[in-house]
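Q: I've got a new model open and I'd like to learn how to read its features. Can you walk me through it?

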Amino acid sequence: MSNKSLIAVWGSPNSGKTVTIVKLAQAFAARKQNVLVLCCDALCPSVSTIAPQGASNHHSLGELLSQPALTQEDLLRYALPLDVSPRIALLGYKKGDNAFTYATYNRERAVDLLTLARHLADVVLVDCSSFLSADPLSTVALELADHVVRLHSCDLKSLMFYASYLPLVSDARFRRSSVIPVLSNVKREQDSREYSQVFGGIQVTLPHVPELEQQAAAARLLDDCSGKEAAAYSKALGLIIAQLHPEEQPSSASSEKKNLSNSLSRMSLLLQQLWPKRRGDKQ
C-alpha cells in the first residue's frame, strides 16, 4: 500500500471483529507498514485481551477523548506499542471502563482523533462497536474510512442485525467508503452459499479455525497459527488485503448501493420464509 489508509472493521456481535483486526494488523506489519489499532468498544474493552501483559500500563482511549485538545504527541503517549510486533500500537479502553467512566465527546473530537491517527500511521485499523448508536467514534470511522470490512456471520441473529442496521448505513454520509462484505468464522457444516446469496456481494469467506478460537479465549491473539485450517484463513485474509489496496478497488458507490438494496431484499424474503415456518412449528 502506497497511501495511508483508514480501515474500519464492523459487523454483528460475535462476528470476529477483534480477531480479524489483530490478524489484519499483523499482516500489514509483515509488509513493513506501521499500524495503529483503535479498539472503540467501551462495552467490552479488548486491549487487555489482545496484549494482557502491557494492558496494566495502558492509558484509556476514553481518557484521551476527554482531553481539552488533542495532539499527535497525545496519541503517541496513549498508544500501547507491542513488544512482539513493534510496528503495531493499540489504543482502546481499559479493563473496568464502561460507558459512564468518562465524559461524553462530540463528533468533532472523533474526527480530530481519526485525522491525527491517520498522520501517525501507515494504516489505521478501527475495531468498531457493533452498536453504532452507543459509540460516536465507530460511527464517524464508518463515515470517514477509505475501506470498510463488513463481517457477517452464518446465523439468524446476524441476519436480524443487518436487517436493522443496513438501512442506517445506506445513508449518503457513509457512501465514501468502499465496502468489502466478508463471511466470517464459517464452519464446515454451515451453508455459506445460502448466506452469501442473502447478504449479497460477499467477496471473501474466513473459515472457522479452532486454534484462533483458543487464542481468543487465552488472550494470545498475537501468536502465530499453523496447520491446514490456518493456511486457508491466511489465504482468505490475503484476499481482503488485496481488496484493500486502492489500485485494486474497482467497486463504485453506485454498485455498492445496488448490492445493499439487493441484500436487504434477499434478507426480507428469507425472514418471511423463516417466521411462518417457526409459527407452524409452535402450533
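A: Let's begin with one residue: Ser234 has a relative accessibility of 46%, so it counts as partly exposed. The scale runs like this: buried is under 20% relative accessible area, exposed is over 50%, and partly exposed is in between, using a 1.4 Å probe and protein chains only. Before going on, note that this is a predicted model, where local features need pLDDT of at least 70, side-chain atom pairs count only at pLDDT 80 or more, and totals for chains, interfaces and linings use all residues. Residues are numbered from 1 along each chain as its sequence is written, and side-chain values use heavy atoms, with hydrogens and water left out.

Q: Which helix does Ser234 lie in?
A: Helices here are DSSP runs of H or I with at least four residues, strands are runs of E with at least two, and both are numbered from the N terminus. Ser234 lies in helix H10, residues 228–244. Its C-alpha atom is 9.0 Å from that of Ala27, though the two residues are 207 apart along the chain.

Q: How do I read a sheet, and in what order do the strands run here?
A: Strands of a sheet pair through backbone hydrogen bonds, either parallel or antiparallel. The cut-off for a pair is at least two DSSP bridges between the strands. In this model 8 strands form an open sheet, ordered E3-E4-E2-E5-E1-E6-E7-E8, with mixed pairing. E3 (80–81) and E8 stand at the edges with a single partner strand each, so one side of each has no neighbour in the sheet.

Q: Which strands pair with E1?
A: E1 (residues 5–11) pairs in the parallel sense with E5 (residues 123–127) over 5 bridges. It also pairs in the parallel sense with E6 (residues 147–152), over 5 bridges. To find the register on screen, look for Val9, whose bridge partner in E5 is Asp127, and for Trp10, which stands opposite Arg150 in E6. Over by the edge, E7 and E8 pair in the parallel sense over 3 bridges, and Val182 stands opposite Val204 in E8.

Q: Is E1 mostly covered or open?
A: Mostly covered: 7 of its 7 residues are buried. Ser5, Ile7, Val9 and Gly11 point one way from the strand, while Leu6, Ala8 and Trp10 point the other way.

Q: What about a helix? Which residues of H8 are buried?
A: In H8 (residues 192–199), they are Tyr195, Val198 and Phe199. Seen down the helix axis, these fall within an arc of 90°, taken from the directions from the axis to the C-beta atoms, so they line one face of H8. The face turned away from that buried side carries the exposed residues Arg193 and Gln197. Just after H8, Gly200 takes a positive phi of about 75°.

Q: Now the empty space. How are pockets and cavities told apart?
A: Rolling a probe the size of a water molecule over the atoms shows where empty space is left. On a 1 Å grid over the protein atoms alone, a cavity is a set of points where a 1.4 Å probe fits but cannot get out; a pocket is an open set with protein on both sides within 12 Å along at least five of seven lines, and lining residues have an atom within 4 Å of a point. Points are joined across faces, edges and corners, and a volume is the space filled by probe spheres set on them.

Q: What volume does the largest pocket have, and how many residues line it?
A: Its volume is about 810 Å³. It is lined by 32 residues, with Asn14, Gly16, Lys17, Thr18 and Val19 nearest its centre. The largest share of that lining, 4 residues, comes from H1.

Q: And what lines the second largest cavity?
A: The second largest cavity holds about 30 Å³, and its lining includes Val22, Ala25 and Gln26. H1 gives the most to this lining, with 3 residues.

Q: How many disulfides are there?
A: A disulfide is a pair of cysteine sulfur atoms within 2.5 Å, and the structure holds 0 of them. Take Cys39: the closest cysteine sulfur, in Cys40, is 7.7 Å from its own, too far for a bond. Cys39 is buried at 2% relative accessibility, whereas Cys225 is partly exposed at 30%.
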